[in-house]
Amino acid sequence: MDGSSKEEEEDSTFTNISLADDTDQSSRILYPRSQSLLSKMMNADMDAVDAENQVELEEKTRLINQVLELQHTLEDLSARVDAVKEENLKLKSENQVLGQYIENLMSASSVFQTTDTKSKRK
């Protein structure tokens with residue numbers, strides 16, 4: 001029995017080695033599947049991130065364009081305000097000149113001379 005006992009031990013040792021090899025092979029077989037699945041998941045995640053980044057990039061581009069458009073509008077309005085201010089100052093100056101001219105005409109004309117009613121009554 002000792003001899004068969006040794007044979008069984010040797011058989012079980014060989015069997016264990018064989019199973020260990022099978023386990024290693026099965027994990028090697030599963031590993032590429034896991035790697036493939038992981039790779040697909042990562043690619044899907046990357047695609048989602050890329051799509052999200054693309055949406056964010058488009059939104060940022062749209063906002064930048066809107067800001068630039070608003071800046072140009074502000075510059076145009078500011079230039080218009082400056083032009084209106086200049087026109088206003090010019091018109092004020094012309095009004096002063098015209099006011100002075102009318103005042104001079106009125107003082108030179110006898111029609112617009114003030115009459116002293118008290119002195120004529122006495």
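This passage walks through the fold, the surface and a few side chains of one protein chain.

The model is a predicted one, so it makes sense to start with how far it can be trusted, given that pLDDT is the predictor's confidence in each residue. The average pLDDT for the protein chain is 76, and 62% of the residues reach at least 70. Over residues 7-32, though, the value drops below 50, and that stretch makes zero contacts in the model beyond near neighbours in sequence. Where pLDDT is low, the predicted coordinates shouldn't be read in detail.

As for the overall fold, the protein chain has two helices and zero strands. Helix α1 runs over residues 2-108. There's no buried core to look for here: of the 122 residues in the protein chain, 0% count as buried. The chain exposes about 11,600 Å², and 57% of that comes from carbon and sulfur atoms.

One part of the chain carries a label from a database. An unreviewed UniProt entry marks residues 60-94 with the feature "coiled-coil region"; such annotations may be inferred rather than shown by experiment. In the model, residues 60-94 are 100% helix and 0% strand. From one end of this segment to the other, the C-alpha atoms lie 51 Å apart.

Next come the charged side chains. Side chains of opposite charge can pair when their charged atoms come close. The structure holds one salt bridge, and it links Arg 62 with Glu 59. Their closest N and O atoms are 2.8 Å apart. How are the two partners placed along the helix? Arg 62 and Glu 59 are three residues apart in helix α1, which means that about one helical turn separates them. Neither partner is hidden away: Arg 62 is partly exposed, with a relative accessible area of 44%, and Glu 59 is partly exposed too, at 35%.

Further along, the surface has a nonpolar patch of about 640 Å². Its members are Tyr 101, Ile 102, Leu 105, Met 106, Val 111 and Phe 112. Take Met 106 as an example. This residue sits in helix α1, and its relative accessible area is 38%, so Met 106 counts as partly exposed. A patch member needs over 30% relative accessible area, and Met 106, at 38%, therefore clears that bar. Which residues does Met 106 touch, leaving aside neighbours within four places in sequence? The contacts are with Phe 112 and Gln 113. Of these, Phe 112 also belongs to the nonpolar patch.

Terms used:
Residues numbered from 1 in each chain as written. Predicted model: local features only at pLDDT ≥ 70, side-chain atom pairs only at ≥ 80, totals over all residues. Heavy atoms only, no water. Helix = DSSP H or I, 4+ residues; strand = E, 2+ residues; numbered from the N terminus. Buried < 20%, exposed > 50% of the residue type's maximum accessible area, 1.4 Å probe, protein only. Areas by Shrake-Rupley, 256 points an atom, 1.4 Å probe, with all protein chains shown as cover. Patch = residues over 30% accessible without salt bridge, like charges linked within 9 Å, V, L, I, M, F, W, Y side chains within 5 Å. Salt bridge = Lys/Arg side-chain N within 4 Å of Asp/Glu carboxyl O. Contact = heavy atoms within 4.5 Å. pLDDT = per-residue confidence, 0-100.
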